[in-house]
Amino acid sequence: RIRMASIDAPETTKGSDRPGQPMAQASRKALAGLIAGKTLRLECFERDQYGRDVCNVPLGDGRSANREQVAAGMAWANMEGHGRFMRDPQMPVLEQRARHERLGLWRDPHPERPWVWRYQCWKKGRC
């Protein structure tokens, strides 16, 4: 398992006490569609606090799965902690374009950012 650099996708359900977010399954399916059946060479930056490698996922055709997920509205540009996890400065631009076009999770006028969801819902129990 890895953590995709510069993005944060909607949280999937992780037990009865940690429900998932809207669009979580759609985001997972979109990512699976990008990488299924491919042999990929990851570009990793560091390890996160859980021991996962934090990586870009190049698709071999000049695109990356990271950018494609944000551009399609399937993930946020990860601005948690004022962007301390941002490795690709293009991500906020791609997110703004997806928002403007109301793609994916941006069809909802007020989608909850995953880092806020993890705190409010999972930690504080305010789902």
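# A tour of the salt bridges and one buried alanine

Among contacts in the protein with a separation of 6 or more, 63% are between residues 24 or more positions apart. The model is predicted, and the stops below go from the whole chain to single residues.

**Whole chain.** Show the C-alpha trace first. Along the principal axes, the C-alpha atoms of the protein fill a box of roughly 40 × 35 × 30 Å. For 127 residues, a compact globule would have a radius of gyration near 14 Å, and the value for the protein, 14 Å, agrees with that. Colour by secondary structure next: there are five helices and five strands, and from the N terminus on their order is β-β-α-β-β-α-β-α-α-α.

**Surface.** Switch on the accessible surface. The protein exposes about 8,000 Å², of which carbon and sulfur atoms supply 49%. Buried residues are 38% of the 127 in the protein. Now select the charged side chains. The protein has 23 positive and 15 negative charges, and the mean positions of the two sets are 3 Å apart.

**A65.** Select A65, which lies in helix α2, residues 65-71. Is A65 buried or exposed? Its relative accessibility is 0%, so A65 counts as buried. To see what surrounds A65, add M4, L31, L34, I35, V57 and L59; A65 touches these residues when those up to four places away in sequence are not counted. Then add G33, which is 32 residues from A65 along the chain; the C-alpha atoms of A65 and G33 are separated by 9.9 Å.

**Salt bridges.** Side chains of opposite charge can pair when their charged atoms come close. With a side-chain nitrogen of Lys or Arg required to be within 4 Å of a carboxyl oxygen of Asp or Glu, the count is eleven salt bridges. Three pairs and one network follow.

**E46 and R87.** Select E46 and R87. Their salt bridge has its closest N and O atoms 2.7 Å apart. Which parts of the chain does this pair link? The two residues are 41 apart and belong to distant parts of the chain: E46 sits in strand β3 (residues 43-47), and R87 in the loop between α3 (80-83) and α4 (91-101). With a relative accessible area of 31%, E46 is partly exposed; R87 is also partly exposed, at 30%.

**D53 and R47.** Move on to D53 and R47, another salt bridge, with 3.4 Å between the closest N and O atoms. D53 is partly exposed, having a relative accessible area of 27%, whereas R47 is exposed, with 57%.

**R99 and E95.** Go to helix α4 and select R99 and E95. In this salt bridge the closest N and O atoms are 2.9 Å apart. R99 and E95 are four residues apart in helix α4, so about one helical turn separates them. Colour the pair by accessibility: E95 has a relative accessible area of 9% and is buried, while R99, at 37%, counts as partly exposed.

**A network.** Finish by selecting D8, E11, K14, E80 and R118 together. Which kind of interaction links these residues in a network? D8, E11, K14, E80 and R118 are linked by salt bridges.

Technical notes
Residues numbered from 1 in each chain as written. Predicted model: local features only at pLDDT ≥ 70, side-chain atom pairs only at ≥ 80, totals over all residues. Heavy atoms only, no water. Buried < 20%, exposed > 50% of the residue type's maximum accessible area, 1.4 Å probe, protein only. Rg over C-alpha atoms; globule rule 2.2 N^0.38 Å. Contact = heavy atoms within 4.5 Å. Areas by Shrake-Rupley, 256 points an atom, 1.4 Å probe, with all protein chains shown as cover. Lys, Arg positive; Asp, Glu negative; His and termini not counted. Charge placed at Lys NZ, Arg CZ, Asp CG, Glu CD.
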